[in-house]
Amino acid sequence: MTTEDIIRPENLVYRKPRLLNDNHMHYCPGCSHGVVHRLIAEIIEEMGIEDKTIGIAPVGCAVFAYNYVDIDWIEAAHGRAPAIATAVKRLNPSRMVFTYQGDGDLAAIGTCETIHAANRAENIAIIFINNGIYGMTGGQMAPTTLEGMKTSTTPYGRRVDLNGYPLKISDLVAQLDGTCYVTRQSVHTPAAVRKAKAAIKQAFTNSMEGRGTSLVEIVSTCNSGWKMSPAQANKWMEENMFAKYPMGDIKNTVKK
Amino acid sequence: MEEDVRLMKGNEAIAHAAIRYGADGYFGYPITPQSEILETLEAEMPWETTGMVVLQAESEIAAINMVYAGAACGKAVFTSSSSPGVSLKQEGISYIAAGELPALIVNVMRGGPGLGTIHPSQADYFQATKGGGHGDYHLIVLAPATVQEMADFVTLGFDLAFKYRTPAMILADGMVGQMMEKVVLPPARPRRTDEEIARQCPWAVTGKPATRKPNIMTTLELDSYQMERNNERYQRTYRLIEENEVRYQEYYTDDADYLIVAFGSIARICLKSIEEARKQGIRIGLIRPITLWPYPYKTITGLSKRIKGILVVEINAGQMIEDVRLAVEGRVPVYHFGRLGGIVPNPNEVLDAFKHNFPEAQ
């Protein structure tokens, strides 16, 4: 049997999605971003909505998301992605519009835009990467940093008396009448990846069908920022992050 | 809608002119003295007629980012605010300039700094003409003196913004925003179709068809050499605008011994002062810059070679006077008269100030 005999469509078990291009990703080994990017590319391809999709990239580690997924993108100022998505969707109602944001972008500087876009029931999908730290700027405290967690701006651990409490913004957003779907997922195991994929697909479908705002929080690792190996980071996330940010749907008003 | 003659406020004229221009969207946040723009648009409900989107945003910051987004989609979009709100918009305006995006921003100025007053001012001249936000960029700045120009400059502002792919600003003072005058509204034209937008703006973010590469609107460039080239491209556009788009009005300059330079509604007050002065045998001319950027330096330079002195009248502490002095290059004395805090001078005050500065003219 030669290599040519093996490379046949019927033997294919895994391939790179067509919309994930060949640019080298700048993400650290072990980071969750790459997996979520892949899922987005895969879902857009499967739904056949490449020509109807507009992505809004954040400021933070995913600032270059537009370099990896071959669709039309707008790069937002820090925190403003939901305002930008609002205008894009209202001016182009037939488009699937999603934002891709980290915890600093979405839950600190962009809290106002997040809450108000969701409260207006904008027909957009928000993909929210929560790794409890500012990765791009070198590991500073995020609004979602856990109590006691060490970062470069909480070198002795986050103290709630000084820095307040970890912000469970998805629970907050779920309270708003404008949201139709708020869920918390992860991508640290094959099973989790499959569930996260279904969640993102649901959110994208909601945007296409005009059901209101969807938010998919992906509780993620930042092993560089956390100063752990990828395997240690996954374990630490399961033991600590999941306790504060439990997995599963927070709200789903969409009839199955 | 046909051409129509109406009596209305300057702010209302902007709203009606935008609908008739075929604007695709407006995003704003209430602030005195310009809230009538948003109120008029909401009352007119253009989404029922032209399909124009109107949205009261959660803040000025959200509103300018909505404008950035709409412009990135190739749409004709605008926002309006007044001084403190325009300060909040500066980051977004810098992004729009860096993205080489066409957009219209209206500032109906009130007195500052800080929360200031709600009364008329021209104290945002520096902010509008010298940058305002971060980075090396310029806005095309149009200064209306009449309610008619409030309407006309919506069309002019959008047309220039699309011609040069750069944001334009209507820099009005609270007086021209609030006062009512007769205005001729232009006949309505339809909004551009998606096909027309794709043809006019091949860079627009619309959703990627299989036939082209992704359109990506970003202002981030970590390669300094490429960022320098981007800046050089912006500067080439600005030089082109400076060559082609300077606009101003001259009154009584043919036989003038002195000049008054004033912009916006204040220029109309100065014209009254000049007419009174001429009855008294004092020959003053008026230059009213219509574009504050690009500035009519050459015209003022030329006139400065055959006059004896210039009074710059502004309702601020002396901002445009710096551009007048650059044009005059020290040839003749240049003085300033201004009222602050939202006070508008009357024609007699302006004439008194002129006589005080140029006693030999009498």
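This short talk walks through two sheets, some helix packing and the contact between chains A and B.

A word on confidence to begin. This is a predicted model. It scores ipTM 0.96 and pTM 0.97. Chain B averages a pLDDT of 97, and 100% of its residues score at least 70.

Let's start with the sheet that involves both chains. It is an open sheet of eight strands. The order is β9(A)-β7(A)-β8(A)-β4(A)-β3(A)-β1(A)-β2(A)-β9(B). The pairing is mixed. Which strands stand at the edges? They are β9 of chain A, residues 248–252, and β9 of chain B, residues 216–217. Each has a single partner strand, so one side of each is left without a neighbour in the sheet.

Now look at one pair inside that sheet. Strand β7 of chain A covers residues 179–186, and strand β8 of chain A covers 213–219. The two pair in the parallel sense, over seven bridges. To find the register, take A:Q185: its bridge partner in β8(A) is A:I218. A helix packs on this sheet as well. That is α8 of chain A, residues 190–209. It touches β3, β4, β7 and β8 of chain A. Its direction makes about 160° with that of β7(A).

Next, the place where the sheet passes from one chain to the other. β2(A) and β9(B) run parallel, joined by two bridges. Here A:W73 has B:I216 as its bridge partner in β9(B).

That brings us to the interface. In total, 28 residues of chain A are in contact with 33 residues of chain B. On the chain A side, β1, β2, α3 and α5 each supply at least two residues. Which of the elements gives the most? It is α3(A), with seven residues. By type, the chain A side divides into 14 nonpolar, four polar and ten charged residues.

So what does α3(A) meet in chain B? One answer is helix α4 of chain B, residues 60–72. The two axes come within 8 Å and cross at roughly 50°. The helices are therefore oblique to each other. The crossing of α3(A) past α4(B) is right-handed. From α3(A), the contact uses A:A83, A:I84, A:T86, A:A87, A:V88 and A:L91. From α4(B) come B:A62, B:N65, B:M66, B:Y68, B:A69 and B:G70. Nine of these contact residues are nonpolar, three are polar and none is charged.

Compare a helix pair within chain B. Helix α1 of chain B, residues 10–21, packs on helix α2 of chain B, residues 35–44. The angle is about 45°, and the axes are 8 Å apart. That makes α1(B) oblique to α2(B). This crossing is right-handed. Among the residues in the contact are B:I14 and B:I19 of α1(B), and B:I37 and B:L41 of α2(B). The contact divides into five nonpolar, three polar and three charged residues.

Last, the other sheet. This one is open, with seven strands of chain B in the order β3-β2-β4-β5-β7-β6-β13, and mixed pairing. β3 and β13 of chain B stand at the edges. Each has a single partner, so one side of each lacks a neighbour in the sheet. Neighbouring strands are turned by 20° against each other on average, direction ignored. Within this sheet, β5(B) and β7(B) pair in the parallel sense over six bridges. There, B:M109 stands opposite B:D173. Helix α5 of chain B, residues 83–98, lies across β4 and β5 of chain B. It runs at about 155° to β5(B).

Technical notes:
Residues numbered from 1 in each chain as written. Chains lettered and ligands numbered in written order. Predicted model: local features only at pLDDT ≥ 70, side-chain atom pairs only at ≥ 80, totals over all residues. pLDDT = per-residue confidence, 0-100. Pairing = 2+ DSSP bridges. Helix = DSSP H or I, 4+ residues; strand = E, 2+ residues; numbered from the N terminus. Contact = placed C-beta atoms within 7 Å. Axes fitted to C-alpha atoms, helices over the stretch in contact; angles between N-to-C directions. Nonpolar A, V, L, I, M, F, W, Y, C, P; charged D, E, K, R; others polar. Parallel < 35°, antiparallel > 145°, perpendicular 65-115°, else oblique. Left-handed = near helix turned anticlockwise from the far one by under 90°.
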